[in-house]
Each structure stands twice: as C-alpha cells, then as structure tokens.
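Trainee: Got a minute to go through this model with me? I'd like to start with one of the helices.
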Amino acid sequence: MLLLTAKHVVADFFLQSSWMAIGKDQKTGWALPLVAHCLVHLAVALLLILIVAPKFWFVAFIDFAIHITVDRAKGLCTSTFGVTPEHPWFWSLIGVDQALHHLTGFGLSIFMAAN
C-alpha cells in the first residue's frame with residue numbers, strides 16, 4: 001500500500017506536466033494527454049511491482065485501466081460542467097478523484113497480500 005501510494009504521489013504530482021493535467025480534462029483533445037499521464041502511472045507501478053513482487057506484474061495494468069477510467073470520468077465532469085478552480089465543485093471533484101485512486105491502491109494491495 002505504501003509503495004502504491006508513493007507511486008501515486010510521484011506520478012500524479014511530480015511527473016504530471018501541465019499539458020497532461022490541463023489537457024486530459026478538456027472537451028476535445030483529451031485522449032493523448034490522458035493516455036500519456038496514465039502511461040506514467042503504468043511505468044512507475046510496473047517498475048515498483050517488478051522490484052517488490054514480480055509475480056504481480058499484471059496489477060500495474062489493472063491500475064492503468066482503473067486510473068484512465070477515473071481520470072476520464074473526472075475530465076467529463078470538468079468539461080461538461082465547466083469546473084475550474086473557481087467553481088464550487090472543483091475541490092470536491094479533486095477529492096473524489098484522489099479518494100478513488102487511493103481506494104484502488106488499497107484494493108490492489110489487498111489482492112496482492114491475499115495471493
């Protein structure tokens with residue numbers, strides 16, 4: 001869980017460029033920034049999992065699929081309802097997004113620990 005949380009912080013906050021962060025939430029042209037962002041998550045997760053528990057390499061791809069789904073849902077909400085930092089939903093949307101990502105890490109950690 002600690003490694004997946006660290007992965008999330010690194011990939012979401014240190015390795016995500018403005019192009020990814022802004023682009024993935026746009027009404028059009030969102031696909032490439034979103035895929036690039038989620039590929040960063042995949043690469044960092046795969047690296048960490050291969051070091052710590054290589055038999056679970058496929059978990060990085062599950063994380064990728066869930067991450068791209070959650071971020072696209074947030075992007076649809078953002079672009080559909082015009083959610084900007086000034087919008088009253090902005091921080092709530094960020095909070096739900098982050099909670100879902102952390103729950104993903106929790107669930108994947110439980111899966112790996114149980115197997």
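Mentor: Sure, and keep in mind that this is a predicted model. Take helix α4, residues 59-81: its 23 residues reach 33 Å from the first C-alpha to the last, close to the 33 Å expected at 1.5 Å a residue.

Trainee: Okay, which residues of α4 are buried?
Mentor: The buried ones are V59, A60, D63, F64, H67, V70, D71, R72, K74, G75, T78 and S79.

Trainee: And what covers them?
Mentor: The cover over the buried residues of α4 includes α1, α3 (31-52) and α5.

Trainee: What follows α4?
Mentor: That's G82, and its phi is positive, near 60°.

Trainee: Switching topic: where does L15 lie?
Mentor: L15 is in the loop between α1 (2-14) and α2 (18-23).

Trainee: Why does L15 count as partly exposed?
Mentor: Because its relative accessibility is 41%, and partly exposed runs between 20% and 50%.

Trainee: What does L15 touch, apart from its neighbours within four places in sequence?
Mentor: L15 is in contact with V10, M20, V40 and V44.

Trainee: Back to D71 for a second. How far apart are L15 and D71?
Mentor: In sequence they're 56 residues apart, and in space 16 Å, C-alpha to C-alpha.

Trainee: Now the surface. Which residues form the nonpolar patch?
Mentor: M1, V96, L100, L103, F106 and I110, with about 560 Å² of accessible area together.

Trainee: Where is I110 found, then?
Mentor: I110 sits in helix α5, residues 90-114. With 46% relative accessibility, I110 counts as partly exposed.

Technical notes
Residues are numbered from 1 along each chain as its sequence is written. This is a predicted model: local features need pLDDT of at least 70, side-chain atom pairs count only at pLDDT 80 or more; totals for chains, interfaces and linings use all residues. Side-chain values use heavy atoms; hydrogens and water are left out. Patches are made of residues with over 30% relative accessible area and no salt bridge: like charges are joined within 9 Å, nonpolar side chains (Val, Leu, Ile, Met, Phe, Trp, Tyr) within 5 Å. Accessible areas come from the Shrake-Rupley method with a 1.4 Å probe; for residues, only the protein chains shown count as cover. A salt bridge is a side-chain nitrogen of Lys or Arg within 4 Å of a carboxyl oxygen of Asp or Glu. Helices (H or I, at least four residues) and strands (E, at least two) are DSSP runs, numbered from the N terminus. Buried means under 20% relative accessible area, exposed over 50%, partly exposed in between (1.4 Å probe, protein chains only). Contact means heavy atoms within 4.5 Å. The expected span of a helix is 1.5 Å times one less than its number of residues.
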